[in-house]
Amino acid sequence: MMYPRLKMAWSLLRPDGVMFVSIDEKEVQHFRIVANDLFGEENFIANVTVVTNMKGRNDKKHVAACHEQIVIYAKPEFVSFGLPLTEEQRAAFKHTDEAGQKYALRDLRKRGGPDRREDRPNMYFPIYWSADDNRVSLERENDTDIEIFPLRGDGSDGRWRWGIDKVRAFLPWMHPKQSGRSGRLDVSHRLYLDPTVKLGDTIMQDDDEEDEGEEDEIIERTSKPKSIWIGPNFSSDNGKRAMKAFLPGDTFSFPKSVDLLRQCIQIGMSNDQVGLDLFAGSGTFGQAVMEHNLSDGANRHFVLVQLPEQLSLEQKEQKAAAMFCDEIGKPRNIAELTKERLRRAGKKFRKENPLFAGDLGFRVFKLASSNILAWEPDRNKLAETLEASIEHLKTNRTEQDILFELLLKLGLDLCVPIETKKITGAKKQTHEVHSIGSGSLLVCLSTTIPQADVEPLALGLVAWYKALKPAGETTVVFRDSAFADDVAKTNLTAILHQHGLETVRSL
């Protein structure tokens, strides 16, 4: 079940995309084998342990499980957005510079491997400190200057985290400090809290560049996530409470915590990216994206995939969910619960945040075959086949079905704004016209366009086009079989061309 889904999901990821997979400890080893094969072991980021139930689940035979795993893989260009600083972390920025900017002091000496002189020889050099005027330099200027080398705890030669050119660029930010018991001098550098601090254009990298993945550590915007996530906001009880605010009763057994998914969003999604959940369940991920957008005013989007798995009143664990579907007048399946939670969440958030201008809605799409009939001629009955193919759009499909397939074929966003307007023909027949993307696409899928309606329809399209004032070129699309003959189609196209609508297509 997992292999084809994972293969597809990986192919959909952007070059800087990331994948979070929630899985229990029994299956995590099997998942890692499959994932390493599909994604490449080099793209493994972390195996995070999330404590979801401090009491433990007593349905386990020998050990009460209190955690689950989130395995993270990412494409090579992925860069983590980190987590917001906690109040405790912000409190560490207790120093203030001449301009009133807050900063903390961080060791310049590299700690942890590879931290030896032989690991990065170019990052071993002396820094001089003058106790008389508290001056830090890279050259000895007076006999009384104190020479400081990066020495490890055992007294052996270590190395700095920065190369000599970068240290030179930030000498005013360097401060000597005395190490604990040994009394040995080390060097610290300023780590600023405010991302508006101007660093200047003098930063240079040493020829022997920093370790791959090592941060510049000049400004602290976020903190690095740890490999264990623990807190009441990540618990399964928290997930149940969040779900019950919109879906009463025990409609789902173990819904994910909204805050847990928001932490994944914080780490992996920028302000305008799209997140995909292949197992939507109760729709927690969609709610998490909405809440995160509300918190920072961003415009992230979500795609949720959920099979319409049937619910039965006869099965104890499904009874509450099936009864709820009956109460709201929807078919008994999980997808209906997903949609209902999102509807209620969006409505509640809009009411509580009337000034929020972002999108709190969603569109529902169901997998189906193309609306366009395939050309499958019967060579023994060619005339009949040709006649049957005059209308090559399936007759059991709605206008909306055709419209959205058109968006897919033209590569347009399925969430792009759509406006609809009715244009009246010569004999009072109305033609429904859709404007997609503020006029970048105009679509009329009327089943019949009589010769008499050609001119009023064309002029109505032109008037709406001029009112919309789209930024780029506009494409106009009609149903090919709607025209009485080629003359009607040619005349309509000619009128549109005269008014600057050059791209006219037919289905």
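**Entry 1, two phenylalanines.** I started with Phe478, which is buried at a relative accessible area of 1%. Worth noting up front: this is a predicted model. I then checked Phe483, and that residue is buried too, with a relative accessible area of 9%. Both values count as buried because the cut-off is under 20%. Phe478 and Phe483 make an aromatic pair, with 5.7 Å from centre to centre and 70 degrees between the planes, and I logged the pair as edge-to-face.

**Entry 2, other rings.** How many aromatic pairs are there by this rule? I got 14. Next I pulled up Phe170 and Trp173: their ring centres are 5.0 Å apart and the planes stand at 40 degrees, so I put this pair down as tilted. Phe170 and Trp173 are both buried. I also found one aromatic cluster, formed by Trp10, Phe31, Phe39, Phe44 and Tyr73.

**Entry 3, charges over rings.** Which residue has its charged end over the ring of Trp10? Lys75 does, 5.1 Å from the ring centre. Trp10 is also a member of the aromatic cluster from my last entry. Elsewhere I noted Arg190 over the face of Tyr103, at 4.6 Å from the ring centre.

**Entry 4, the surface.** I looked up a nonpolar surface patch of about 500 Å², made by Met8, Leu12, Val274, Leu276, Val303 and Val305. Helix H1 (2-12) and strand E12 (274-277) are the elements that give two or more residues to this patch. Leu12 lies in helix H1. Is Leu12 buried or exposed? I have Leu12 down as exposed, because its relative accessibility is 54% and the cut-off for exposed is over 50%.

How values were computed: Residues are numbered from 1 along each chain as its sequence is written. This is a predicted model: local features need pLDDT of at least 70, side-chain atom pairs count only at pLDDT 80 or more; totals for chains, interfaces and linings use all residues. Side-chain values use heavy atoms; hydrogens and water are left out. Patches are made of residues with over 30% relative accessible area and no salt bridge: like charges are joined within 9 Å, nonpolar side chains (Val, Leu, Ile, Met, Phe, Trp, Tyr) within 5 Å. Accessible areas come from the Shrake-Rupley method with a 1.4 Å probe; for residues, only the protein chains shown count as cover. A salt bridge is a side-chain nitrogen of Lys or Arg within 4 Å of a carboxyl oxygen of Asp or Glu. Helices (H or I, at least four residues) and strands (E, at least two) are DSSP runs, numbered from the N terminus. Buried means under 20% relative accessible area, exposed over 50%, partly exposed in between (1.4 Å probe, protein chains only). Rings of Phe, Tyr and Trp (its six-membered ring) pair if their centres lie within 6.5 Å; planes under 30 degrees apart count as stacked, over 60 as edge-to-face and the rest as tilted. A charge sits over a ring if NZ of Lys or CZ of Arg is within 6 Å of the ring centre and within 35 degrees of the ring normal.
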